[in-house]
Amino acid sequence: MITLILGKKGSGKTKRLMDMCAKATADSKGNVVFIEKDNTLTYDLSHQTRLVAADEYGIVGFDALYGFIAGMCAGNYDITDIFVDSTLKIGGDIAGLEAFVEKLSKLQNVNLVLSVSADKAEIPAHIADVATEI
């Protein structure tokens, strides 16, 4: 399942993502992963959550981000939830978002929550049904 958290910069997307991650970490019988661009949230998440800084792994672009997420899922079947903050900063512009979400939809048995700095009107209509606007 894929969920997009939408809103402009400063609207509270990261806070909401962190709250959702904390709940998933408490409820999950598997592993929870939080991907961010850099290490700014190191002390804000539970030690039980696997925090990944995209910059440390050279992840640039939606193809690289998809490959990284798919590789994590292939290497660890216990991952139940993946949260991605600042999706557009890591992946690129909004034009590639639809194809990225389409690829992610093929991943099985993992809940994906992505924060996107955009309004619902700015994202492609095909993926607007999985979006929640703040």
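Leaving aside its neighbours within four places in sequence, which residues is Ile69 in contact with? The views below come from a predicted model, and the first one takes up this question.

**View 1. Surroundings of Ile69 in the predicted model.** Beyond its neighbours within four places in sequence, Ile69 is in contact with Ile35, Ile82, Val84, Phe100, Leu104, Leu107 and Leu112. Ile69 is also among the residues with the most contacts inside the largest nonpolar core, together with Leu4, Ile35, Ile82 and Ile123.

**View 2. The largest nonpolar core, with 34 residues.** At least two residues of this core are supplied by each of β1 (2-6), β2, α2, β4, α3 (87-91), α4 (97-104) and β5 (111-116). Helix α2 gives the largest share, seven residues. Another core, of 12 residues, lies apart from this one; Ile5, Leu17, Ala24 and Leu51 are among its members. In soluble globular proteins, nonpolar side chains tend to be buried together.

**View 3. The aromatic pair of Phe34 and Phe83, one of three aromatic pairs in the structure.** The two rings are stacked, at 6.5 Å centre to centre and with 20° between the planes. Phe34 belongs to strand β2 (residues 31-36) and Phe83 to strand β4 (residues 79-84), so the pair ties together parts that are 49 residues apart in sequence. Both Phe34 and Phe83 are buried.

**View 4. The aromatic pair of Tyr57 and Phe68.** The ring centres are 5.3 Å apart and the planes stand at 45°, so this pair is tilted. Tyr57 sits in the loop between β3 (50-53) and α2 (62-75), and Phe68 in helix α2; the pair links parts of the chain 11 residues apart. With a relative accessible area of 46%, Tyr57 is partly exposed.

**View 5. Cys21 and Cys73, neither of them in a disulfide.** The structure holds zero disulfides. For Cys21, the nearest cysteine sulfur is that of Cys73, 14 Å away. A disulfide requires the two sulfur atoms to be within 2.5 Å, so the sulfur of Cys73, at 14 Å from the closest cysteine sulfur, is too far for a bond. Cys21 counts as buried, at 0% relative accessibility. Cys73 counts as buried as well, at 13% relative accessibility.

**View 6. Ala74 in helix α2.** Ala74 has 51% relative accessibility and counts as exposed. Its C-alpha atom is separated by 9.5 Å from that of Leu107, and the two residues are 33 residues apart along the chain. Leu107 also appears in View 1, where it is in contact with Ile69.

Conventions
Residues numbered from 1 in each chain as written. Predicted model: local features only at pLDDT ≥ 70, side-chain atom pairs only at ≥ 80, totals over all residues. Heavy atoms only, no water. Buried < 20%, exposed > 50% of the residue type's maximum accessible area, 1.4 Å probe, protein only. Phe/Tyr/Trp six-rings, centres within 6.5 Å; stacked < 30°, edge-to-face > 60°. Helix = DSSP H or I, 4+ residues; strand = E, 2+ residues; numbered from the N terminus. Core = buried A, V, L, I, M, F, W, Y, C linked by side-chain atoms within 4.5 Å. Contact = heavy atoms within 4.5 Å.
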